[in-house]
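Work through the exercises below with the sequence and the coordinates at hand. Each task is followed by a solution in steps.

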Amino acid sequence: QVQLDESGGGLVQPGGSLRLSCAVSERPSTYYPMGWFRQASGKEREFVAAISVGGGTADYADSVKGRFTISRDNAKNTMYLQMNSLKAEDTAVYYCAAKVYSDKYNTWGQGTQVTVSS
């Protein structure tokens, strides 16, 4: 059974940076399309970024283009989200997700809180 475990969230000032990690636990290791989503308090969960199995293709929400970078290291079974120039409106719980033998995201992590505040 595939399990996803996010880490790296925290409190950061506006303009600052954070890097989130998502560790994929599965034996044997298999690679899936993956992505990041976020949910702010009182709002619906929204797409942030996605990355292909090999890492060669990435897609971003307009709100984070040019500030966030998604990447993955398949040798380490880990996906990342580098977040720069953070804004207060980036405050949310961030979730990593995977498409496990599906064309939809059907496996989710527990989430990690990111708070951007001075």
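Two strands pair if DSSP finds at least two bridges between them. The model used here is predicted.

**Exercise 1. Strand pairing around S3**

Task: Determine which strands pair with S3 (residues 18-25), and in which direction they run.

Solution.
Step 1. Take strand S1, residues 3-7: five bridges join S1 to S3. Pairing requires at least two bridges, so S1 and S3 pair. The two strands run antiparallel.
Step 2. One residue pair fixes the register on this side: Leu-4 has Val-24 in S3 as its bridge partner.
Step 3. Take strand S8, residues 78-83: six bridges join S8 to S3, and these strands also run antiparallel.
Step 4. On this side, Cys-22 is bridged to Met-79 in S8.

**Exercise 2. The disulfide**

Task: Find how many disulfides the structure holds, and describe the geometry and surroundings of the cysteines Cys-22 and Cys-96.

Solution.
Step 1. The count is one disulfide.
Step 2. The bond links Cys-22 and Cys-96, with an S to S distance of 2.1 Å. That distance satisfies the cut-off, which asks for sulfur atoms within 2.5 Å.
Step 3. Cys-22 belongs to strand S3 and Cys-96 to strand S9 (residues 92-98), so the bond ties together parts that lie 74 residues apart in sequence.
Step 4. The torsion about the S-S bond is about 60 degrees, and the disulfide is therefore right-handed.
Step 5. For accessibility, buried means under 20% relative accessible area. Cys-22 has 0% relative accessibility and is therefore buried. Cys-96 also has a relative accessible area of 0%, so this cysteine is buried too.

**Exercise 3. Positive phi outside glycine**

Task: For Asn-77 and Tyr-101, give the phi value, the location, and the accessibility class.

Solution.
Step 1. As background, most residues other than glycine have a negative phi.
Step 2. Asn-77 is not a glycine, yet its phi is positive, near 55 degrees. Asn-77 sits in the loop between strand S7 (68-73) and S8.
Step 3. The relative accessibility of Asn-77 is 18%, so Asn-77 counts as buried.
Step 4. Tyr-101, likewise not a glycine, has a positive phi of about 50 degrees. Its place is the loop between S9 and strand S10 (107-108).
Step 5. Exposed means over 50% relative accessible area. Tyr-101 is at 70% relative accessibility and therefore counts as exposed.
Step 6. Result: Asn-77 is buried, whereas Tyr-101 is exposed.

Notes
Residues are numbered from 1 along each chain as its sequence is written. This is a predicted model: local features need pLDDT of at least 70, side-chain atom pairs count only at pLDDT 80 or more; totals for chains, interfaces and linings use all residues. Side-chain values use heavy atoms; hydrogens and water are left out. Helices (H or I, at least four residues) and strands (E, at least two) are DSSP runs, numbered from the N terminus. Buried means under 20% relative accessible area, exposed over 50%, partly exposed in between (1.4 Å probe, protein chains only).
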